[in-house]
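Here's a quick look at how strands and charged side chains fit together in one chain. Have the sequence and the 3D view open while you read.

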Amino acid sequence: HLSFGNIGEQFAVVRWSRLEPVPEPAGRDAPYHRCQDEIQQLRLRVREMESDHTTIYEIPMHDHEYHIPDLKPDTVYYISLAASTGPDCWGLWREPKKLRTLPALVLSILDIGEPYVTVGWMRKDWPPATPGIDTTTPDPATGRIDAVLLEPEEDATADVHHSKGGIAAYQVRVTRADDVLVVDETVGSDAVQATLAGL
């Protein structure tokens, strides 16, 4: 089962867990056998919705989440997972899920004085008017077997996951033209502006 943690402007945290198999009734002539979990490695596929650019990350089996770097702000991505039980023995890609990264912050200068500057920030068109947050619990019976490989185009009506309350704080800084730090300040996640003094 694939789920999402924090989603930022240029990164996303993806988590996964193994669904428990659903026991099947076994008759006298058909004993029920359950094999051991032999998955050795995972692959995470990240595809940008508006282009053919795809990146595949290979992840050790003992990891249960991955920080996807180098994403674009305000962009929808298809995320899918595949498992390997040995060298060159990969299973089918799981049904892709969609996520949308946060739009980039728009920064503006609100006031300037001799020893201070006041700046404000916002994200345009955020949050989405119709957010698609997946709060359902997966049915183990639907996740046991991949009968077909679903392409992203077949998933066009699926909900898009976005970050909800994922920002913990903002750091605002003033630097000189030569990149020397003059002053910085950290403010809470609810702040929309800050005044930096000591200039």
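Let's start with a sheet in this predicted model. Three strands make up an open sheet, ordered β1-β2-β5, and their pairing is antiparallel. The edges belong to β1 (2-7) and β5, each of which has a single partner strand, so one side of each is left without a neighbour in the sheet. Going from one strand to the next, the twist averages 25°. As for how such strands hold on to one another, strands of a sheet pair through backbone hydrogen bonds, in either a parallel or an antiparallel way.

Now zoom in on β2 and β5. These two run antiparallel and are joined by four bridges. One residue pair to pick out here is R15 and E65: the bridge partner of R15 in β5 is E65. The two also meet through their side chains, since R15 forms a salt bridge with E65, with the closest N and O atoms 2.9 Å apart. In sequence terms this pair links distant parts of the chain, with R15 in strand β2 (residues 12-16) and E65 in strand β5 (residues 65-68), 50 residues apart. So R15 and E65 are paired in the strand ladder and linked by a salt bridge as well.

How buried or exposed are the two partners? R15 has 37% relative accessibility and therefore counts as partly exposed. E65 comes out at 42%, so E65 is also partly exposed.

How many salt bridges does the structure hold? There are six, and the table lists three of them, including the one just described.

| Salt bridge | Closest N and O atoms |
|---|---|
| R15 with E65 | 2.9 Å |
| D74 with R100 | 2.6 Å |
| D178 with R176 | 2.8 Å |

Take D74 and R100 next. D74 forms a salt bridge with R100, and this pair links distant parts of the chain too: D74 lies in the loop between β5 and β6 (76-86), while R100 sits in strand β8 (residues 97-100), 26 residues apart. Here the partners fall into separate exposure classes. D74, at 39% relative accessibility, counts as partly exposed. R100 has a relative accessible area of 17%, and because buried means under 20%, R100 is buried.

That leaves D178 and R176, whose closest N and O atoms are 2.8 Å apart. D178 is partly exposed, with a relative accessible area of 45%, and R176 is partly exposed at 46% relative accessibility.

Key
Residues numbered from 1 in each chain as written. Predicted model: local features only at pLDDT ≥ 70, side-chain atom pairs only at ≥ 80, totals over all residues. Heavy atoms only, no water. Salt bridge = Lys/Arg side-chain N within 4 Å of Asp/Glu carboxyl O. Buried < 20%, exposed > 50% of the residue type's maximum accessible area, 1.4 Å probe, protein only. Pairing = 2+ DSSP bridges. Axes fitted to C-alpha atoms, helices over the stretch in contact; angles between N-to-C directions.
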